[in-house]
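This report describes the architecture of a two-chain assembly, beginning at the contact between the chains and moving outward. The discussion follows the structure shown here.

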Amino acid sequence: MGSGVSIDDQERKILKERARTLAVVPPTALGDGELIRALRFSLGAETYAVESKHIREVFPLPPLTPLPCVPPFVRGIINVRGRIVSIIDLKSILGLPDTELSPSCSVIILQSKGNEFGLLADEISGLSAIPISSIQPSLPTLTEVRAEFLWGVTAEGLVLLDAGKLLSDRKLVIDETVGSTA
Amino acid sequence: MSRESEFLSRLKETFKGEAEEHRTVMLTGLLELEKGESGEQRDSAVIESIFREAHSLKGAARAVDITGIERLCQSMEAIFSACKQQQKRPEKKLFNVLYRALDLMAELTNGTVPAPDKELEDVLKLLHAGPGTPPIVEDTPTVAPSRSAPVAMSETVRISAARLGSIFLRAEELLSVKQAMARCAADLRELQALTAKAGSFKQKLESMATVAALESLHAGERVDSLLTEIRTALMLPFSTLLELFPRMVRDLAAEEGKEVTWEVRGEDAHIDRRVMEEIKDPLIHIVRNSISHGIETPGEREKRGKPRTGTVSLQVERVDNDKVELTLSDDGAGVDLVQVKTAAVAKGFLTDLDAAALNDRDALRLIYLSGLSTSPMITDISGRGLGLVIAREKIEAVGGQLSVESKPGTGTIFRIQIPLSLATFRGVLVRSRGQTFVIPTANVDQVFRVDRSMVVLVENRQSIPIGGQAVSLVNLGDVLGLKTVPQEAGGEESWPVIVLLVLGTRIAFGIDEVLGEQEVLVKTLGKQLARLRNISGATVLAAGDVVPILNPSDLLKSVSLAAASAPGEDGPESKEATTRKILVAEDSVTSRMLLKSILESAGFQVTTAVDGVEAFASLRVDEFDLLVSDIDMPRMNGFALCEKVRGFAKTADLPIVLVTSLGSREDREKGIDAGANAYIAKSSFDRSNLLEVVKRLI
């Protein structure tokens with residue numbers, strides 16, 4: 001009889017131990033837990049992604065009005081429900097080959113407190129959840145300009161853009177008077 | 001963000017609005033008390049209101065846990081409670097401290113000062129030291145909240161400007177519904193005409209067309225009245241803009257050692273808040289200009305037989321049903337045309353001969369020239385010679401106009417005409433190389449077809465005779481850098497031109513065609529396109545097309561710039577190509593990074609130093625084109641650095657820009673003595689300001 005009780009105790013002990021082991025979340029299962037959500041899109045033959053928290057909205061490219069007297073990376077302006085938003089061509093910034101606008105082009109509106117513009121995307125592919133730990137620093141072979149706006153590359157080869165950097169870089173804000181640049 | 005912290009930040013946002021209201025009432029009250037012109041009865045009402053406002057703000061500050069404001073309010077409450085009891089105004093010398101207290105409250109509200117602040121303690125000490133001030137009592141007896149004054153509940157709701165703006169945008173979109181319906185009705189009528197034969201089909205179509213036409217009419221009316229209503233809701237009395245002026249005039253006059261009275265008439269006129277926001281900076285600039293250049297020192301005024309105290313007055317008047325005219329006049333010395341002409345000649349804008357031949361009206365216009373300043377020193381206040389140009393540009397950007405009249409010895413009058421609302425803007429639609437643009441009608445002198453035989457070559461440039469004068473003729477597409485389209489062979493015998501008139505100068509622009517004139521609504525180009533060359537904004541046409549609006553004064557500048565650089569390609573351009581090197585001396589890391597990035601973004605090569613000693617060491621070793629220096633720095637301050645630089649042969653002529661938080665007249669003078677070329681106060685410091693000054697010096 002006495003041994004029966006002691007076995008129960010032992011069992012309880014083992015069970016508790018097992019429960020404790022099970023309660024611990026394996027540290028590597030989800031790549032250290034923290035995930036970011038990012039929108040995947042294509043630029044020519046390459047696929048890029050941009051973190052969704054900087055995105056205000058995404059829609060098919062409406063009629064685009066080109067502007068004179070702007071650097072080539074500014075493709076023009078569009079009308080978004082009564083507001084004018086400028087469109088930036090990442091291909092020009094990243095040094096990718098230029099392509100014609102097509103009906104499948106979309107606009108990704110990025111927004112921060114002090115800035116807002118649309119990115120031209122050839123095609124939208126979808127949303128991904130990316131573990132922050134899986135993001136590697138960008139490849140050393142990239143040119144300086146390209147590396148500047150890249151956050152990193154995922155294990156799957158997805159190139160993640162640094163939207164915060166794009167939005168805050170003063171180089172991308174056009175503030176010119178006649179005679180200041182010429 | 002957690003729900004709690006989200007709530008807290010919303011609460012703080014609300015508090016900001018509330019605090020600003022209390023502060024404004026207190027400020028207005030203080031200014032009135034300090035003037036001391038109203039009767040005893042009025043004084044006691046004002047004292048009472050300041051007391052109540054301080055009390056209410058104290059409570060609100062406690063709710064959001066901003067103890068600095070709470071303590072300041074408590075002290076003010078105590079002071080004005082004493083005033084109430086003794087029935088007299090606060091001591092004269094206390095006013096400066098009270099103003100400082102209000103300033104501090106604003107800073108604390110915006111979180112621009114850290115909570116335990118030395119200045120706060122200083123001000124509190126001074127407030128407590130106020131004569132006749134009773135010691136602070138821990139909790140003053142309950143007072144009724146200030147809102148329950150004898151004024152009846154006003155029928156207003158508080159709505160954020162952003163919310164109202166977005167409602168307006170939504171309403172504006174309805175315009176396209178209105179236009180689409182009109183087009184639909186027109187299409188049906190056209191169909192109806194085409195099917196004159198087929199009986200019943202025709203009947204059906206007829207009734208549909210009638211209904212569509214009627215509906216379109218109704219929709220149109222509703223949309224228009226909704227827009228008008230919302231436009232009115234966006235209007236504010238002009239007085240809301242003028243709240244900051246009494247204080248500014250007072251401070252500036254004190255700083256310049258002058259006595260100035262500020263008068264306003266007609267401030268009840270309502271105007272679109274967006275226009276008001278755009279007009280604020282230019283108006284501030286012109287008022288500052290009047291005080292620092294117009295009004296003479298008390299001694300000088302007495303010598304000329306004028307009252308010691310000068311007057312700057314602003315009259316706001318509604319004109320033409322859709323415009324407001326602001327007349328800003330001062331009874332100062334007027335514009336010294338001789339000095340203006342001398343400065344213009346010195347800067348190479350005109351020759352001695354031209355200057356002598358210039359009539360007074362044209363000479364006065366010289367004050368708008370960029371880079372012309374009659375002050376020996378570049379300061380941030382005025383006399384940078386840039387302010388008036390920028391002020392005029394900003395006024396023109398909202399469809400307004402600026403003009404100036406001056407009577408030597410008796411004063412200067414600036415007139416600003418601005419539209420009541422941004423919507424009232426007429427533009428001419430033109431096409432150039434396949435692209436459509438809008439040109440503000442206000443700047444269009446005339447439109448006509450020019451014949452090839454009319455074109456003459458003057459100094460190798462095309463021009464056409466207009467009213468007996470040779471007017472330069474350029475192609476709009478060339479000025480804008482548009483790609484040529486194949487059919488433009490240049491073989492036509494005649495083509496349309498549009499002649500623009502900006503500040504008395506005419507230039508004819510060759511275009512493809514004129515599409516018409518219509519009302520356009522100016523929209524900004526978004527935050528990424530802060531300012532563009534030649535383009536001031538955009539508008540959305542009925543069909544939904546986005547069309548850029550051209551900036552006439554930019555276009556004229558572009559034309560003259562192109563003309564100047566055309567003959568010798570490697571003139572001033574090649575000088576630009578070699579990167580200019582700038583040394584930045586600044587002890588604050590934030591300011592240092594900011595200066596560096598601003599200068600680098602403009603293409604300069606920047607080296608930094610953390611104090612005067614390090615800066616001077618760099619200057620000895622390396623070559624620089626310009627030095628930007630802070631004043632307050634450890635080891636060697638900016639003044640000392642200036643003197644050192646001037647005393648060292650290699651750097652004796654180096655241009656120096658002092659950037660500092662010290663903004664007083666003595667500091668500026670000390671800066672001149674030390675040998676600085678320009679002086680920019682950090683408070684008014686912005687990117688274009690710094691770059692303009694730097695570019696003028698190198």
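Which residues does A:Ile77 touch, not counting residues up to four places away in sequence? In this predicted model, the partners of A:Ile77 within chain A are A:Thr65, A:Leu67, A:Ile84, A:Val85, A:Ser86 and A:Ile87. A:Ile77 also touches B:Leu525, B:Ala538 and B:Val546 of chain B. The largest nonpolar core has 69 residues, and A:Ile77 and B:Phe509 are those with the most contacts inside it. Nonpolar side chains tend to be buried together in soluble globular proteins.

**The two chains**

The table sets the overall values of the chains side by side.

| Chain | Residues | Helices and strands | Buried residues | Contacts (separation of 6 or more) between residues 24 or more positions apart |
|---|---|---|---|---|
| A | 182 residues | 4 helices, 11 strands | 24% | 56% |
| B | 698 residues | 23 helices, 24 strands | 33% | 66% |

**The interface**

Contact between the chains involves 30 residues of chain A and 32 residues of chain B. On the side of chain A that touches chain B, the elements giving two or more residues are strand 4 (74-80), strand 5 (83-88), strand 7 (116-121) and strand 11 (174-175) of chain A. Strand 5 of chain A supplies the largest share of that side, with 4 residues. By residue class, the side of chain A that touches chain B divides into 15 nonpolar, 8 polar and 7 charged residues.

Strand pairing also crosses the chain boundary. Strand 11 of chain A and strand 17 (residues 529-531) of chain B run parallel and are joined by 2 bridges. Within this pairing, A:Asp175 has B:Arg531 in strand 17 of chain B as its bridge partner.

**Strand pairing around strand 7 of chain A**

Strand 7 of chain A, one of the elements at the interface, is largely enclosed by the rest of the structure, because 5 of its 6 residues are buried. Two pairings involve this strand. Strand 5 of chain A runs parallel to strand 7 of chain A, with 2 bridges between them, and A:Ile87 has A:Gly118 in strand 7 as its bridge partner. Strand 6 (residues 106-111) of chain A runs antiparallel to strand 7 of chain A and is joined to it by 6 bridges. In strand 7 of chain A, A:Leu120 is the residue opposite A:Val107. Strand 6 and strand 7 of chain A form a hairpin, with 4 residues between them.

**The open sheet of chain A**

Another set of 5 strands in chain A forms an open sheet with mixed pairing, in the order 8-1-2-10-9. Strand 8 (123-131) and strand 9 (150-153) of chain A stand at the edges; each has a single partner strand, so one side of each is left without a neighbour in the sheet. From one strand to the next, the twist averages 30°. Inside the sheet order, strand 2 (residues 46-51) and strand 10 (residues 159-161) of chain A run parallel and share 3 bridges. A:Tyr48 has A:Val159 in strand 10 of chain A as its bridge partner.

**Residues with positive phi**

Most residues other than glycine have a negative phi. Against this background, A:Cys69 has a positive phi, near 60°. A:Cys69 is placed in the loop between strand 3 (55-60) and strand 4 of chain A. With 21 other C-beta atoms within 10 Å, A:Cys69 is buried, since the criterion is 20 or more.

In chain B, B:Asn534 likewise has a positive phi, near 70°. The loop that holds B:Asn534 lies between strand 17 and strand 18 (535-540) of chain B; strand 17 is the strand that pairs with strand 11 of chain A. B:Asn534 counts as buried because it has 24 C-beta neighbours inside 10 Å.

**A helix of chain B**

Helix 7 (residues 199-233) of chain B has 35 residues, which should span 51 Å at 1.5 Å a residue. The end C-alpha atoms of helix 7 are 51 Å apart, in agreement with that expectation. The buried residues in helix 7 of chain B include B:Ala209, B:Ser216 and B:Val223. Helix 6 (161-194) of chain B is included in what covers the buried residues of helix 7.

Note on methods. Residues numbered from 1 in each chain as written. Chains lettered and ligands numbered in written order. Predicted model: local features only at pLDDT ≥ 70, side-chain atom pairs only at ≥ 80, totals over all residues. Buried ≥ 20, exposed ≤ 12 C-beta atoms within 10 Å, placed from the backbone. Contact = placed C-beta atoms within 7 Å. Nonpolar A, V, L, I, M, F, W, Y, C, P; charged D, E, K, R; others polar. Pairing = 2+ DSSP bridges. Core = buried A, V, L, I, M, F, W, Y, C linked by C-beta atoms within 7 Å. Axes fitted to C-alpha atoms, helices over the stretch in contact; angles between N-to-C directions. Expected span 1.5 Å × (residues − 1).
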